[in-house]
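Let's take a walk through a protein together, one piece at a time. Keep the picture open beside the text and turn it around as you read.

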Amino acid sequence: MIEGLAVETVIGVYDWEREVSQCLLIDLEMAWDNRVPAGSDDVADALDYAAVSESITRYLSETQPQLLETAAEGVSDLLQKKFGVRWLRLVIRKPGAVPSARSVGVSIERGVR
Ligand SMILES: Nc1nc2c(c(=O)[nH]1)N=C([C@H](O)[C@@H](O)CO)CN2
């Protein structure tokens with residue numbers, strides 16, 4: 001699980017948004033058989049949350065999508081292909097995008113538990 005991962009990137013549909021960096025907040029739940037790393041005590045058997053966090057940050061910094069939906073589907077594909085995650089629930093929030101709301105964002109669930 002990863003909660004509140006802050007990623008700075010260019011994100012948004014308006015012209016002014018293509019000129020600035022904004023912060024996204026990411027919450028992520030992922031299915032993984034934790035009995036294997038618990039038995040081996042080896043991070044190589046675990047879903048390394050540091051590596052996952054770094055990959056998400058790099059991916060969003062490089063792709064600079066317009067929509068949160070595009071960002072969410074791209075991150076989901078990345079995690080399934082690169083890390084073999086078979087199920088995930090992902091929330092991407094864009095704080096401040098709607099000033100009268102505490103936060104707005106998208107939530108997706110992909111794969112099979
Ligand atoms: N469903 C979405 N609606 C909107 C998005 C989005 O990514 N998904 N983005 C914007 C703008 O970029 C907005 O965040 C600027 O404040 C508007 N609606």
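What follows goes from the whole chain to the sheet, then to the helices and loops, and ends at the ligand.

First, a word on where this comes from: you're looking at a predicted model. How sure is the predictor of the protein chain, going by the average pLDDT? That average is 98, and 100% of the residues score at least 70. For the complex, the predictor gives an ipTM of 0.97 and a pTM of 0.97.

Now zoom out. The protein chain has 113 residues, and its C-alpha trace spans about 50 × 25 × 20 Å along the principal axes. If you count up its secondary structure, you get 3 helices and 4 strands. Start at the N terminus and read along, and the elements come in the order β-β-α-α-α-β-β. So how do distant parts of the chain meet? Among contacts between residues at least 6 apart in sequence, 55% join residues at least 24 apart. As for burial, 14% of the residues count as buried.

Next, find the sheet. It's an open one made of 4 strands, in the order β1-β2-β3-β4, and the pairing is antiparallel. At the edges sit β1 and β4 (residues 105–111), each of which pairs on one side only. Going from one strand to the next, the twist averages 20 degrees.

Let's cross the sheet strand by strand. Begin with β1, which covers residues 2–9, and its antiparallel partner β2, which covers residues 22–30; 6 bridges hold the pair. Want to spot this pairing for yourself? Look for Glu8, which stands opposite Cys23 in β2, and then for Thr9, whose bridge partner in β2 is Gln22.

Step over to the other side of β2 and you meet β3, residues 87–93, running antiparallel to β2 and joined to it by 6 bridges. Here Asp27 stands opposite Val91 in β3, while Leu28 stands opposite Leu90 in β3. One more step takes you from β3 to β4, again antiparallel, with 7 bridges between them. A good marker for this last pairing is Ile92, whose bridge partner in β4 is Val106.

While you're at β3, look at its two faces. Which residues are on the covered one? They are Leu88, Leu90 and Ile92, whereas Trp87, Arg89, Val91 and Arg93 are on the uncovered face. You've already met some of these: Leu90 on the covered face is the residue across from Leu28, and Val91 on the uncovered face is the one across from Asp27.

Now for the helices. Helix α2, residues 49–63, packs on the sheet and touches β1 and β2. Its direction makes about 30 degrees with that of β1.

The loops beside α2 deserve a look too. Between α1 (residues 35–40) and α2 is a loop where you'll find Leu47. What does Leu47 touch, leaving out residues up to four places away in sequence? The answer is Met30, Trp32, Val52, Phe83 and Val85. Take Phe83: it's 36 residues away from Leu47 along the chain, but their C-alpha atoms are separated by 7.5 Å. Even with those contacts, Leu47 counts as partly exposed, because it has 18 other C-beta atoms within 10 Å, and being buried takes 20 or more.

Asp41 is in the loop between α1 and α2 as well. Its phi is near 55 degrees, a positive value in a residue other than glycine. Is Asp41 buried or exposed? It's exposed, because just 8 other C-beta atoms lie within 10 Å. On the far end of α2, in the loop between α2 and α3 (residues 68–83), sits Gln64. This residue also has a positive phi, near 45 degrees, and isn't a glycine. Gln64 has 15 other C-beta atoms within 10 Å, so it's partly exposed.

Finally, head for the ligand. Which residues are around it? You'll find Gly12, Val13, Tyr14, Glu17, Leu67, Leu68, Glu69, Lys94 and Ala97. Sorted by character, this shell divides into 5 nonpolar, 1 polar and 3 charged residues.

Methods. Residues are numbered from 1 along each chain as its sequence is written. This is a predicted model: local features need pLDDT of at least 70, side-chain atom pairs count only at pLDDT 80 or more; totals for chains, interfaces and linings use all residues. A residue is near a molecule or strand if its C-beta atom, placed from the backbone, lies within 6 Å of it. Ala, Val, Leu, Ile, Met, Phe, Trp, Tyr, Cys and Pro count as nonpolar, Asp, Glu, Lys and Arg as charged, and the others, Gly among them, as polar. Two strands pair if DSSP finds at least two bridges between them. pLDDT is the predictor's confidence in each residue, from 0 to 100. Axes are lines fitted to C-alpha atoms, for helices over the stretch in contact, and angles run from 0 to 180 degrees between N-to-C directions. Two residues are in contact if their C-beta atoms, placed from the backbone, lie within 7 Å. A residue is buried if 20 or more other C-beta atoms lie within 10 Å of its own, exposed if 12 or fewer, and partly exposed in between; C-beta atoms are placed from the backbone.
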